[in-house]
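Here are my notes on the model you sent over, set out point by point. Have the structure open while you read.

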Amino acid sequence: MQSKMKESDPILEVENLSASTDNLPILKGVSITVYPGEIHAIMGRNGCGKSTLSKIIAGHPSYNITNGDIKFLGENINSLEPEERAQSGIFLGFQYPIEIPGVSNLEFLRVSTNARRKFLNKEELDTFDFEELVKEKLEIVKMDHAFLSRSVNQGFSGGEKKRNEILQMALLEPKIAILDETDSGLDIDALRIVASGIKKISNAKTGIILITHYQRLLDEIKPNYVHVMSDGQIIKTGESDLALELEEKGYEWTDNFIKET
Amino acid sequence: MVNENLVKDVVKEPYKYGFVTDIETEKIAKGLNEDIIRLISQKKEEPKFLLDFRLKAFKKWQKMKEPDWAGLGYKKIDYQDIIYYSAPKQKEKISSLDEVDPKLLETFDKLGIPLTEQKKLTNVAVDAVFDSVSIATTFREELAEHGVIFCSISEAVKNHADLIEKYLGTVVPASDNYFAALNSAVFSDGSFVYIPKGVICPMDLSSYFRINSGDSGQFERTLIIAEESSSVSYLEGCTAPMFDTNTLHAAVVELIALDDASIKYSTVQNWYAGDEEGIGGIFNFVTKRGKCLGKRSKISWSQVETGSAITWKYPSCLLLGEESVGEFYSVALTNNLQQADTGTKMIHIGPKTKSTIVSKGISAGNSKNSYRGLVKMGTKATGSRNYSQCDSMLIGDQASANTFPYIKSQQSNSEIEHEASTCRISEDQLFYLQSRGIEFEEAVSMMVSGFCRDVFNQLPMEFAAEADKLLSLKLEGSVG
């Protein structure tokens with residue numbers, strides 16, 4: 001599917017990746033390549049390994065890579081710390097954004113943005129300049145300024161948490177964003193805001209991986225490729241119509257693919 | 001699997017105040033008896049009432065037993081093996097700062113407390129105490145213009161004997177506890193503050209306590225009196241060199257607030273804590289208490305306790321005046337083999353009195369960190385309220401955190417509310433911050449600061465920044 005000639009180099013290459021936690025294998029040889037401008041969707045039942053894949057790409061310490069490589073902009077990043085990956089332009093949108101009591105959202109966003117800017121050799125922003133920048137980005141996710149003075153994700157509703165994730169993505173301007181079930185727990189209006197935010201932030205130079213259960217996000221953001229995962233493997237890859245077929249026939253339909261492979 | 005080891009590495013503390021000033025000192029012989037007390041009193045040219053106060057306290061102390069109810073583990077203190085008076089040698093009478101030994105000025109410079117006219121802090125008046133004596137007090141003339149008295153307690157004994165005689169020992173009586181009795185017998189120096197009626201003190205006042213000598217104890221005594229409708233914000237900082245022996249620090253602080261007066265007392269305590277094996281460090285056994293004597297008076301304690309091998313300290317409020325207010329905001333960080341037993345007592349005596357307690361304990365390494373507090377509603381404290389919140393954060397799996405809240409109410413028409421929680425820095429929180437490009441150490445430090453936010457918000461601005469920095473420093477590994 002991805003063998004056709006591409007004009008530029010890939011952003012992310014996951015090559016035959018296997019990983020385990022507590023000696024329990026979770027990923028069993030996953031390969032995905034994302035080129036600039038591409039949107040990939042990963043679908044699959046709960047527990048198939050899609051969230052794990054996203055965490056491993058972001059560098060979560062609980063998982064051990066037992067085989068294979070993750071390459072970002074051509075460099076192997078298997079042993080990089082999570083903060084190094086983030087600074088260099090990998091973004092993970094959390095399925096369940098974490099609450100950090102007492103840490104103001106504004107300060108968190110500023111420190112985080114500056115860490116990325118430092119990596120890019122851009123000037124770090126003081127409180128005033130950052131206020132300006134963040135105001136502009138708040139528009140994208142239609143968030144109120146009052147969110148900034150609250151503690152990170154604390155007391156946020158499910159939708160607010162997800163919008164806060166997209167706000168972070170907007171500030172960090174990643175090369176690749178892996179969005180783990182960003183659509184779950186959103187009502188239809190919030191889903192539209194989040195989807196349009198993602199579209200505004202991404203461009204021809206960035207890549208996106210959407211992890212989702214539902215077609216409704218993919219109606220808003222049309223993927224170039226759809227991958228179906230099962231038991232730690234990608235069992236089928238297709239174009240956007242694969243998601244529609246999946247919606248129609250359910251995951252039971254995909255069980256046949258496992259038998260085929 | 002959680003990065004416990006990493007977290008532990010991060011919490012390693014560099015102590016940058018551990019140097020010793022090489023200076024000629026005048027020390028008296030080790031040991032404690034009536035003659036020693038007479039000698040201290042004589043050196044300080046004290047009036048008879050004070051010598052009597054000391055001797056009476058000493059007699060009481062001799063009959064008392066060192067308290068062990070806090071369950072702190074330490075080698076028995078040999079009170080005869082301590083020097084009770086140690087002072088840097090300098091000219092008898094110093095008329096200006098120019099005559100202060102440059103080594104002393106240099107010491108305070110190094111501690112970030114410049115004293116000379118050119119370099120002194122512009123918005124804070126400082127009383128600098130070195131071992132047993134006060135070296136200098138800045139901004140005295142400016143404060144005097146407002147009628148504010150800010151000087152060492154030794155000077156106050158000479159120049160304001162009436163105030164000392166009237167108030168000394170009225171909040172913390174000599175017989176209050178073992179260490180208060182000891183202090184009352186041998187106290188050497190400390191600060192004295194008097195704010196006259198109706199005066200809002202034009203700048204923050206602060207005392208900086210420096211222990212330099214390894215074999216002498218420090219027994220300072222602070223007395224603050226706020227007359228009707230006056231207010232003052234007072235800051236206190238402390239450091240000591242790194243010795244492999246333990247040094248005893250037994251201070252007494254007394255605050256008195258009259259009608260509509262308010263006193264805010266903030267401490268950043270960073271005495272040497274001992275090394276990783278628990279060798280050395282200060283024994284910080286301190287009695288601090290404020291008396292809200294007047295109607296609508298207010299006393300607020302805020303403290304950031306990061307140092308000392310052992311801390312035993314319960315800044316308290318006696319709420320006598322109707323509608324008086326007591327507050328206690330505390331952050332206590334312990335690491336390695338440090339032990340902290342700290343909290344407060346809010347004694348509601350008058351009607352419609354109000355108190356707030358917010359305590360944040362962070363325990364790392366093999367340390368032991370306890371909150372111990374008492375809220376008491378007396379028979380006349382009708383319509384009074386208390387709110388207490390005690391939170392503990394554990395770093396690593398060897399540290400311990402305890403909360404001992406004692407509540408006594410002698411009548412039904414009052415409210416007491418207590419909340420407590422214990423948390424741990426979770427791997428998921430760390431990963432979340434890291435996945436946003438924030439370095440591991442900064443992530444830990446951010447979360448600890450966040451945990452302490454409610455208390456930091458109560459500190460004077462410069463102090464809050466310093467406290468935040470101090471915690472980060474303690475959490476920063478060898479980077480500091």
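1. A small definition before we start: two strands pair if DSSP finds at least two bridges between them. With that in mind, look at strand β13 (residues 281-292) of chain B, which runs parallel to β16(B) and is joined to it by 4 bridges. One of the matched positions is B:Gly290, whose bridge partner in β16(B) is B:Cys317. Do keep in mind throughout that this is a predicted model.

2. Staying with β16(B), there is a partner in strand β19 (residues 345-348) of chain B as well, again in the parallel sense, this time over 3 bridges. Here B:Leu319 stands opposite B:His348 of β19(B). Which way do the residues of strand β16 (residues 316-319) of chain B point? B:Ser316 and B:Leu318 go one way, B:Cys317 and B:Leu319 go the other, and all are buried. In a regular strand the side chains alternate between the two faces of the sheet.

3. Next, the nonpolar core. The largest one has 208 residues, and the members touching the most others are B:Ala128, B:Ala226, B:Ala257 and B:Ile263. The element that gives the most to this core is α10(B), with 9 residues. B:Ile263 is worth clicking on: beyond its neighbours within four places in sequence, its contacts include B:Ile224, B:Ala226, B:Val232 and B:Tyr234. Also on that list are B:Leu255, B:Ala257, B:Gly290 and B:Ile299. Notice that B:Gly290 is the residue bridged to B:Cys317 in point 1.

4. Over to chain A for an open sheet of 6 strands, ordered β6-β9-β10-β3-β11-β12, with mixed pairing. At the edges are β6 (90-93) and β12 (233-238) of chain A; each has a single partner strand, so one side of each has no neighbour in the sheet. From one strand to the next the twist averages 20 degrees. Helix α1 (residues 50-58) of chain A packs on this sheet, touching β3 (39-44), β6, β9, β10 (207-211) and β11 (225-230) of chain A. The direction of α1 makes about 145 degrees with that of β9(A).

5. At the β6 edge, β6(A) pairs with strand β9 (residues 176-180) of chain A in the parallel sense, over 4 bridges. A:Gly93 has A:Leu179 of β9(A) as its bridge partner.

6. Back in chain B, have a look at how helix α3 (residues 48-63) and helix α8 (residues 178-186) meet: their axes come within 7 Å and cross at roughly 145 degrees. The crossing is left-handed. On the α3(B) side the contact uses B:Phe53, B:Arg54, B:Ala57, B:Phe58, B:Lys60 and B:Trp61, and on the α8(B) side B:Tyr178, B:Ala181, B:Leu182, B:Ser184 and B:Ala185. By class, that is 8 nonpolar, 1 polar and 2 charged residues.

7. How do the two chains meet? Contacts involve 22 residues of chain A and 19 residues of chain B. On the chain A side, α2, β7 and α3 (105-119) each supply at least two residues. That side has 12 nonpolar, 7 polar and 3 charged residues.

8. Helix α9 (residues 427-434) of chain B is mostly covered, with 6 of its 8 residues buried. The buried ones are B:Gln429, B:Leu430, B:Phe431, B:Tyr432, B:Leu433 and B:Gln434. Part of the cover comes from the other chain: it includes α2 (82-88) and β7 (100-104) of chain A, together with α10 (440-456) of chain B.

9. Two backbone spots deserve a check by eye. Most residues other than glycine have a negative phi. A:Lys142, however, has a phi near 50 degrees, and A:Asn153 has one of about 60 degrees. A:Lys142 is in the loop between α4 (127-141) and β8 (151-152) of chain A, while A:Asn153 is in the loop between β8 and α5 (158-172) of chain A. Buried or exposed? A:Asn153 counts as buried because it has 22 C-beta neighbours inside 10 Å, whereas A:Lys142, with 14, counts as partly exposed.

10. Lastly, A:Asp187 sits in the loop between β9 and α6 (188-201) of chain A. A:Asp187 counts as exposed, because it has 9 C-beta neighbours inside 10 Å.

Key
Residues are numbered from 1 along each chain as its sequence is written. Chains are lettered from A and ligands numbered from 1 in the order in which they are written. This is a predicted model: local features need pLDDT of at least 70, side-chain atom pairs count only at pLDDT 80 or more; totals for chains, interfaces and linings use all residues. Axes are lines fitted to C-alpha atoms, for helices over the stretch in contact, and angles run from 0 to 180 degrees between N-to-C directions. A crossing is left-handed if the near helix is turned anticlockwise from the far one by less than a right angle, and right-handed if clockwise. Two residues are in contact if their C-beta atoms, placed from the backbone, lie within 7 Å. Ala, Val, Leu, Ile, Met, Phe, Trp, Tyr, Cys and Pro count as nonpolar, Asp, Glu, Lys and Arg as charged, and the others, Gly among them, as polar. A residue is buried if 20 or more other C-beta atoms lie within 10 Å of its own, exposed if 12 or fewer, and partly exposed in between; C-beta atoms are placed from the backbone. A nonpolar core is a set of buried Ala, Val, Leu, Ile, Met, Phe, Trp, Tyr and Cys residues joined through C-beta atoms within 7 Å.
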